[in-house]
Amino acid sequence: MMSKFKEWWIRDKRYVTLIKAALLALLPLLCAMARCAVQGGSIGQVYLPGSQWNDELFYYKQVEGIITYGYPQGFFGFNESHALKLSFAAWSPVLVFPWVLWGLMLGWNLMSPVICNIVLLTLACFFFVWLVKPTWKQLGIMALLFCLYTPFSRYMLSAMPEIICFSMLILFYGAAVNYVERERGYKLALLFVMAGVMTLMRPYLLLFLLLPGYFWVRKRGWKGAAGSAAVTAAVLVIYWSIKHYLGAEYFAPLFFTDWVEAFFQGGLLEGLRFTLGKLYYMGKSFGAYTLQGIRGGMASGAYFAGYLAMLGVLTAQSIKDWKRKENKGRLAIQLHMIFSFVAMLFALLLMYKLTEGSKHLLTFMAAGIFILALMDTRYYKKAVFMGAVFAYLYIYMAVDPMDYQVPFTTQERVEQVKAWEEIFREELELSLEGGIPCFENVVIWVFSDTDSTGARNTDWQLLYALPEGFGISCCMPDYIKENLDMLQSRYLAVLSGGEIDAMCAEAGYREIGRDASLVVYERIRSSQQPRTD
């Protein structure tokens with residue numbers, strides 16, 4: 001056994017591949033350290049309650065509830081919506097399963113998602129190199145583009161799950177390249193499993209079930225087609241079940257399907273007219289945002305510009321590879337990536353809000369870097385071009401602190417969070433009896449309100465101080481004003497000195513804590529039955 005391993009190790013020069021894999025695996029940590037140093041801090045000073053990205057609060061507290069109790073004991077939702085089963089928000093809980101595993105093994109605190117993100121991307125880099133065995137030139141291109149693509153470092157230093165998606169897709173393509181070099185049934189099965197899990201995380205990642213499906217059809221003909229269809233159908237049923245039973249209703253639809261409805265309501269021609277019209281008008285907005293990203297650094301526009309640039313480079317090189325008719329397996333992978341880029345672009349235009357949907361393009365670009373580096377080019381023109389695009393868009397023009405600034409600790413914010421932790425520990429009561437999850441364990445986060453200075457967002461970052469297990473319902477101020485006497489949730493966190501603050505006091509709600517920016521109330525109890533809709 002040892003002799004065969006030694007022969008394989010020497011014959012395939014695996015010791016060289018190991019060195020290459022270790023070198024690339026250093027980049028996530030080094031880039032994260034450099035990002036922090038440039039902004040005047042260190043990884044240890046990253047502080048989630050200082051972030052302006054409010055999705056992080058939901059992800060972090062849901063994972064905390066899963067680790068502590070199996071699932072949050074209070075509902076996560078919007079305007080007091082909640083899932084049919086259990087207590088998750090609008091997004092699939094599958095999306096954060098690596099964080100849950102990390103927390104179960106190593107514990108969960110404010111630094112856990114950051115450290116886990118760095119480790120996940122480190123492993124993705126290592127295993128990608130191990131699987132594909134790139135040349136030194138290809139490794140250098142990967143390293144260069146990795147360092148210049150700063151969304152890697154920004155999202156590592158956050159509690160957003162983008163790095164989980166980045167890492168999964170990078171590993172997926174590494175496994176795909178490995179499969180075409182030496183086809184084995186277990187490798188194909190692994191590709192299906194990875195693509196299936198990614199689909200359960202985010203539905204548009206269904207696109208990546210097509211690649212193993214193509215491989216299976218090419219190998220087994222109609223049997224492969226039938227098997228691929230069955231796997232895809234099973235994944236879609238599971239996703240629908242997760243979304244239907246475990247997803248809370250969002251403020252607005254997460255996906256717009258009006259273009260699909262147009263076909264059913266008006267027929268084929270009306271559907272085509274509506275769809276083409278929507279593509280035209282959304283395309284104009286897409287172009288305007290792209291120009292704003294290039295000229296002024298608008299983050300969503302910068303993502304659009306980088307996405308189009310990478311799509312152009314991938315397409316140009318794949319056309320050359322097609323003409324040479326070499327390495328058809330890798331060409332299939334390149335063509336699949338181009339198809340996925342184009343399909344996601346159409347999905348963005350037809351089904352998403354452009355600014356909010358822009359971050360979903362980052363996952364495609366992250367994987368595209370690794371595929372681009374593997375393309376067989378004589379010169380470095382494409383790598384230099386993409387490197388220049390990344391440097392301009394994501395370093396030179398990365399001026400908006402909301403999108404690019406890493407959140408570090410400040411004495412004021414740390415003291416605020418500690419003060420609220422003490423208040424919540426003394427005043428909040430987590431119910432663990434009866435029907436769990438329940439609204440007795442929910443704190444309403446009133447998104448914004450109006451005070452003497454005008455409209456202001458609530459200082460929601462202080463809700464990181466909530467005890468484990470509590471749910472959070474993000475509610476718009478109009479919803480609270482209209483339903484103040486009918487609220488289901490037991491606690492309300494509102495802007496201190498705002499209109500809703502005054503309404504709660506007038507209604508006799510019990511104040512359990514207050515500072516200059518936030519006040520938390522416990523709703524009055526009465527014989528009136530709460531709404532159940």
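**Figure 1. Surroundings of Y509 in the predicted model.** Leaving aside residues up to four places away in sequence, Y509 is in contact with L484, L487, L492, C504, Y521, E522, R523 and I524. The model shown here and in every other figure is a predicted one. Y509 belongs to the loop that runs between α22 (499-506) and β7 (510-514). Is Y509 buried or exposed? Its relative accessibility is 8%, so Y509 counts as buried, since buried means under 20% relative accessible area. One of the residues touched by Y509 is L484, and the side chain of Y509 also reaches the backbone oxygen of L484, at 2.6 Å. A further distance relates Y509 to F424: the two residues are 85 apart in sequence, and their C-alpha atoms are 16 Å apart in space.

**Figure 2. T458 and its contacts.** The loop between β4 (454-457) and β5 (471-475) contains T458. With a relative accessible area of 3%, T458 is buried. Which residues does T458 touch, not counting residues up to four places away in sequence? They are W445, V446, F447 and S448, together with A493, V494, L495 and L518. V446 appears in this view a second time, as the side chain of T458 reaches the backbone oxygen of V446 at 2.4 Å.

**Figure 3. The cis peptide bond at P437.** I436 and P437 are joined by a cis peptide bond. The omega angle of this bond is about 5 degrees. P437 is placed in the loop between α20 (411-427) and β2 (442-446).

**Figure 4. Positive phi angles at N79 and E80.** Both residues of this view are found in the loop between β1 (77-78) and α5 (97-106), as given for N79 and for E80. N79 is not a glycine, yet its phi is positive, near 50 degrees. E80, likewise a residue other than glycine, has a positive phi of about 65 degrees. How do the two residues stand with regard to accessibility, buried or partly exposed? N79 has a relative accessibility of 26% and therefore counts as partly exposed. E80, by contrast, has a relative accessible area of 2% and is buried.

**Figure 5. G196 within helix α10.** Helix α10, formed by residues 185-201, includes G196. The relative accessibility of G196 is 8%, so this residue counts as buried. Apart from residues up to four places away in sequence, G196 touches L209 and V235. The view may be extended to S228, which is 32 residues from G196 along the chain. The C-alpha atoms of G196 and S228 are separated by 11 Å.

**Figure 6. T363 within helix α17.** T363 is part of helix α17, which covers residues 361-374. What is the relative accessible area of T363? The value is 0%, and T363 is therefore buried. When residues up to four places away in sequence are not counted, T363 touches C165, F166 and L169.

**Figure 7. A234 within helix α12.** A234 is located in helix α12, made up of residues 222-246. A relative accessible area of 38% makes A234 partly exposed. Along the chain, 106 residues separate A234 from S340. In space, their C-alpha atoms are separated by 21 Å.

**Figure 8. The whole protein, as context for the close-up views.** The protein has 22 helices and eight strands. Its radius of gyration is 25 Å, close to the 24 Å that the globule rule gives for 533 residues, so the protein is as compact as a globular protein of that length. The C-alpha trace spans about 75 × 60 × 55 Å along the principal axes of the protein. Of the 533 residues, 53% are buried. Among contacts with a separation of 6 or more, 76% are made by residues 24 or more positions apart. The protein exposes about 24,000 Å², and 63% of this area is supplied by carbon and sulfur atoms. How many charged side chains of each sign are there? The protein has 47 positive and 42 negative side chains, and the centres of these two sets lie 21 Å apart.

Notes. Residues are numbered from 1 along each chain as its sequence is written. This is a predicted model: local features need pLDDT of at least 70, side-chain atom pairs count only at pLDDT 80 or more; totals for chains, interfaces and linings use all residues. Side-chain values use heavy atoms; hydrogens and water are left out. Helices (H or I, at least four residues) and strands (E, at least two) are DSSP runs, numbered from the N terminus. Buried means under 20% relative accessible area, exposed over 50%, partly exposed in between (1.4 Å probe, protein chains only). A polar contact is a pair of N or O atoms within 3.5 Å; within protein, one must be able to donate a hydrogen and the other to accept it, and residues adjacent in sequence count only if both atoms are side-chain atoms. Contact means heavy atoms within 4.5 Å. The radius of gyration is taken over C-alpha atoms; the globule rule is 2.2 Å times the number of residues to the power 0.38. Accessible areas come from the Shrake-Rupley method with a 1.4 Å probe; for residues, only the protein chains shown count as cover. Lys and Arg count as positive and Asp and Glu as negative; His and the chain ends are not counted. The place of a charge is taken as NZ of Lys, CZ of Arg, CG of Asp or CD of Glu.
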